[in-house]
Amino acid sequence: KVKELERLLVSLLAYQLKGVDQVLPFYARWLEDARMYIKDVPFDETIWNEWNKQKAIWLLDNDIKAHVRLVDTVMLALPKILSGKVGATEVLFPEASLLLVEGLYKNNPIADYFNDVVAQTVLHYVKNSSTPIRILEIGAGTGGTSEKVFALLQPYANRIQEYCYSDISKAFLFYGENRYKASCPYLTFKRF
């Protein structure tokens with residue numbers, strides 16, 4: 001399944017880049033590297049039909065459906081992103097929504113496994129600390145990891161002096177504050 005997904009995505013990339021000439025300077029090096037990567041990739045005009053047929057099947061698979069939705073959306077918009085007709089953030093976060101990317105960070109087996117590992121590790125340190133702890137989460141994003149940590153820390157809230165939920169994007173901070181602040185009084189939110 002992953003090999004087929006990769007094969008189709010590479011062919012879609014080749015197809016989507018075939019007519020791209022003018023790109024924002026910011027994307028020029030990426031485009032050059034992408035073209036080197038796909039230079040011998042065959043595709044035909046029916047690649048989108050093949051993709052859409054497979055996509056319908058993959059969207060039924062909880063392990064990969066979030067990834068499929070995201071790459072489908074980005075691949076469709078790629079020429080417009082590269083030319084500057086639409087911003088990448090407008091595509092990734094339509095109407096300031098995090099729903100398109102959220103599934104990458106939680107509610108899939110790989111992300112959930114690693115989120116659990118991090119949450120258990122944080123819990124271990126908090127449980128075994130004799131002094132109040134300050135925690136800095138860098139790149140908290142949609143809170144995929146944070147949510148697991150907060151659930152485990154509930155009984156130990158009095159041991160946490162501060163948990164700083166940080167990210168580069170204010171949108172993620174607003175999201176985190178709206179979603180988690182009420183249940184976690186030790187939370188602060190800062191741009192990193």
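In which sense do strand 2 (residues 160-167) and strand 3 pair, and over how many bridges? The two strands pair in the parallel sense, over five bridges. The legends below describe close-up views of a predicted model.

**View 1. Three strands form an open sheet with parallel pairing.**
The strand order is 1-2-3. Strand 1 (133-138) and strand 3 (187-191) each have a single partner strand and stand at the edges, so one side of each has no neighbour in the sheet. On average, neighbouring strands are turned by 20 degrees against each other, direction ignored. Helix 8 (residues 144-153) packs on this sheet and touches strand 1, strand 2 and strand 3. The direction of helix 8 makes about 170 degrees with that of strand 2.

**View 2. Bridge partners link strand 2 to the strands on either side.**
Strand 1 and strand 2 pair in the parallel sense over six bridges. Isoleucine 135 has tyrosine 163 of strand 2 as its bridge partner. For aspartate 167, the bridge partner is arginine 191 in strand 3. Strands of a sheet pair through backbone hydrogen bonds, either parallel or antiparallel.

**View 3. Side chains alternate along strand 1.**
Ile133, Ile135 and Glu137 point to one face and are buried. Arg134, Leu136 and Ile138 point to the other face and are not buried.

**View 4. Serine 146 is a buried residue of helix 8.**
Why does serine 146 count as buried? Its relative accessibility is 0%, and the cut-off for a buried residue is under 20%. Apart from neighbours within four places in sequence, serine 146 is in contact with Glu137, Ala140, Tyr163 and Tyr165.

**View 5. Helix 1 packs against helix 3 in a left-handed crossing.**
The two helices pack at an angle of about 145 degrees, and their axes are 10 Å apart. On the helix 1 side, the contact includes Glu4, Leu5, Arg7, Leu8 and Tyr15. Residues met in helix 3 include Ile47, Trp48, Glu50, Trp51 and Trp58. By type, the residues of the contact of helix 1 with helix 3 divide into nine nonpolar, three polar and three charged.

**View 6. The largest nonpolar core has 28 residues.**
Leu12, Leu17, Trp48, Trp51, Trp58, Met75 and Leu82 have the most contacts inside this core. Helix 1 (2-17), helix 2 (25-38), helix 3 (47-58) and helix 4 (65-83) are the elements that give two or more residues to the core. Helix 1 supplies the largest share, nine residues. Methionine 75 touches Leu9, Leu12, Leu13, Gln16 and Trp48, leaving out residues up to four places away in sequence. A second, separate core has 22 residues, including Phe150, Tyr165, Tyr186 and Leu187. In soluble globular proteins, nonpolar side chains tend to be buried together.

**View 7. Valine 20 sits in the loop between helix 1 and helix 2.**
Is valine 20 buried or exposed? Valine 20 is buried, with a relative accessible area of 7%. Neighbours within four places in sequence aside, valine 20 is in contact with Leu31, Arg35, Pro79 and Leu82. Valine 20 and cysteine 164 are 144 residues apart along the chain, and their C-alpha atoms are separated by 42 Å.

Definitions and conventions:
Residues are numbered from 1 along each chain as its sequence is written. This is a predicted model: local features need pLDDT of at least 70, side-chain atom pairs count only at pLDDT 80 or more; totals for chains, interfaces and linings use all residues. Side-chain values use heavy atoms; hydrogens and water are left out. Two strands pair if DSSP finds at least two bridges between them. Helices (H or I, at least four residues) and strands (E, at least two) are DSSP runs, numbered from the N terminus. Axes are lines fitted to C-alpha atoms, for helices over the stretch in contact, and angles run from 0 to 180 degrees between N-to-C directions. Contact means heavy atoms within 4.5 Å. A nonpolar core is a set of buried Ala, Val, Leu, Ile, Met, Phe, Trp, Tyr and Cys residues joined through side-chain atoms within 4.5 Å. Buried means under 20% relative accessible area, exposed over 50%, partly exposed in between (1.4 Å probe, protein chains only). A crossing is left-handed if the near helix is turned anticlockwise from the far one by less than a right angle, and right-handed if clockwise. Ala, Val, Leu, Ile, Met, Phe, Trp, Tyr, Cys and Pro count as nonpolar, Asp, Glu, Lys and Arg as charged, and the others, Gly among them, as polar.
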